[in-house]
Amino acid sequence: MNEKKMMEREEFLVKYLNNASPTGFESSGQQIWLDYMKPYIDEYFTDNYGTAVGVINPEAEYKVVIEAHADEISWFVNYITDDGYIYVIRNGGSDHQIAPSKRVDLHTAKGVVKGVFGWPAIHVREKENENAPTLKNIFIDVGASSKQEVLDMGIHVGTVATFDDEIFKLNEKYWCGRALDNRIGGYMIAQVARKLKEEGKQLPFGLYIVNSVQEEIGLRGAEMIASRIKPNVAICTDVCHDTYSPMYDKKYQGDQKCGNGPVLTYGPAVQNNLLNMLIEVAEGSKIPFQRSASSRSTGTDTDAFAYSNEGVPAALISLPLKYMHTTVETAHQEDIEQVIELMYQFLVQLESGHDFRYLK
């Protein structure tokens, strides 16, 4: 890949990942994504809740989805004290333990208001019996001294807050920041569309590049868009845990490592003939991959697609990630490229009308 294309890709990655797209409020990030996608697709559409879909060959009867989710975890303002301190509830799986001393952006109709999660100084905490951060005691300080001052800033119950950390390169090998879960997926499916266009590949089916909303609170965007598209096949991408970083137990959480390639999941929602085709493609293209197993559900949009429309063959390609749901989520750039390549190679070998049923 030439240097200009790589720079364009990285500029999009940084702009897209740095933008705040909290669950239920994804529209600004979706606009960035769509603007990037438009040269590589034939048309696009969105739904009432903000899921965005780029389409190649929209007239084709056989429909294939590649999918990621666009939303990030965040906080909702839940209570404002008379002294101007703000208490929050989760919007998705936000981590209360990492909140103290973090900076936040509160997204108001007047614009972004800066705040911080405060915490008592170490000097006044009892070592033997100090309080741990919980949803009951973490709070945001926006520099106000009264509830009215907070309200005058445009902050009210229901205002959404996100951490303000931005993406950066770690040791020239890793991308590190907040919201890689799973806007890095939106980046990867966009690169698949770009590569198809630049390589001049003509697909024999309709390809729907789907960036779903509201995954973090129950796969809701995927549920809605699967019913609208009614696909024949769905390949979803999300993140999974790097279990080689400290404090993981591989016996319970699996054996996946950043830098060792995409992770392919086994589980009831994953259609085995589709999974086996992905494995054959990976092996034939010499793309390294890892394996994982899910006990009941994958916990990703794969489940929503699989169990929609009387059943859709679905599979999951995961990106190993360190420190999920923190502000320093970390992914290896080679894994990112290999996920893109695996999706691309799968698509260019797939025949229109392929029947994935077990029994025929």
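This is a short talk through the core, the ring pairs, the unusual backbone spots and the cysteines of one structure.

Hi everyone, thanks for coming. Before anything else, please keep in mind that this is a predicted model.

Let's begin inside. The largest nonpolar core has 61 residues. Which residues have the most contacts inside it? They are W33, L207 and I209. As for where the core's residues come from, helix α4, residues 180–198, gives the largest share, with nine of them. If you click on L207 and ignore its neighbours within four places in sequence, you will find it in contact with G54, V55, I56, V64, I66, L196 and L347. Apart from this core lies another one, of 19 residues, with V53, Y208, A269 and A314 among them. As a reminder of the background, nonpolar side chains in soluble globular proteins tend to be buried together.

On to the aromatics. How many aromatic pairs are there? The count comes to ten. The one I'd like you to look at is F12 with Y16: the ring centres are 5.4 Å apart and the planes meet at 10°, so this pair is stacked, given that planes under 30 degrees apart count that way. Both residues sit in helix α1, residues 3–18, and they are four residues apart, about one turn of the helix. Are F12 and Y16 buried or exposed? Both F12 and Y16 are buried. Now widen the view a little, and you'll see ring pairs linking F12, Y16, Y36, Y40 and Y187 into a cluster.

Two lysines also deserve a look while we are on rings. K195 has its charged end over the ring of Y344, 4.5 Å from the ring's centre. Likewise, K257 lies over the face of Y244, and here the distance to the ring centre is 5.2 Å.

Next, the backbone. Most residues other than glycine have a negative phi, and most peptide bonds are trans. With that in mind, where is the cis peptide bond I want to show you? It runs from D181 to N182, with omega near 0°. N182 is found in helix α4, the helix we met as the source of nine core residues.

For positive phi, take K230, which is not a glycine and yet has a phi near 55°. K230 lies in the loop between α5 (220–229) and β13 (233–241), and its relative accessible area of 52% makes it exposed. E310 is another example, again not a glycine, with a positive phi of about 70°. Look for E310 in the loop between α8 (301–306) and β16 (314–321). Its relative accessibility is 87%, so E310 counts as exposed too.

Last stop, the cysteines. How many disulfides does the structure hold? Zero. Why is C240 not bonded to C258? The closest cysteine sulfur to that of C240 is the one in C258, and it is 8.2 Å away, which is too far for a bond because a disulfide needs the sulfur atoms within 2.5 Å. Seen from the other side, C258 is in no disulfide either, and C240 carries its nearest cysteine sulfur. As for exposure, C240 counts as buried at 12% relative accessibility, and C258 is buried as well, with a relative accessible area of 5%.

That's my tour. Happy to take questions!

Terms used:
Residues are numbered from 1 along each chain as its sequence is written. This is a predicted model: local features need pLDDT of at least 70, side-chain atom pairs count only at pLDDT 80 or more; totals for chains, interfaces and linings use all residues. Side-chain values use heavy atoms; hydrogens and water are left out. A nonpolar core is a set of buried Ala, Val, Leu, Ile, Met, Phe, Trp, Tyr and Cys residues joined through side-chain atoms within 4.5 Å. Buried means under 20% relative accessible area, exposed over 50%, partly exposed in between (1.4 Å probe, protein chains only). Helices (H or I, at least four residues) and strands (E, at least two) are DSSP runs, numbered from the N terminus. Contact means heavy atoms within 4.5 Å. Rings of Phe, Tyr and Trp (its six-membered ring) pair if their centres lie within 6.5 Å; planes under 30 degrees apart count as stacked, over 60 as edge-to-face and the rest as tilted. A charge sits over a ring if NZ of Lys or CZ of Arg is within 6 Å of the ring centre and within 35 degrees of the ring normal.
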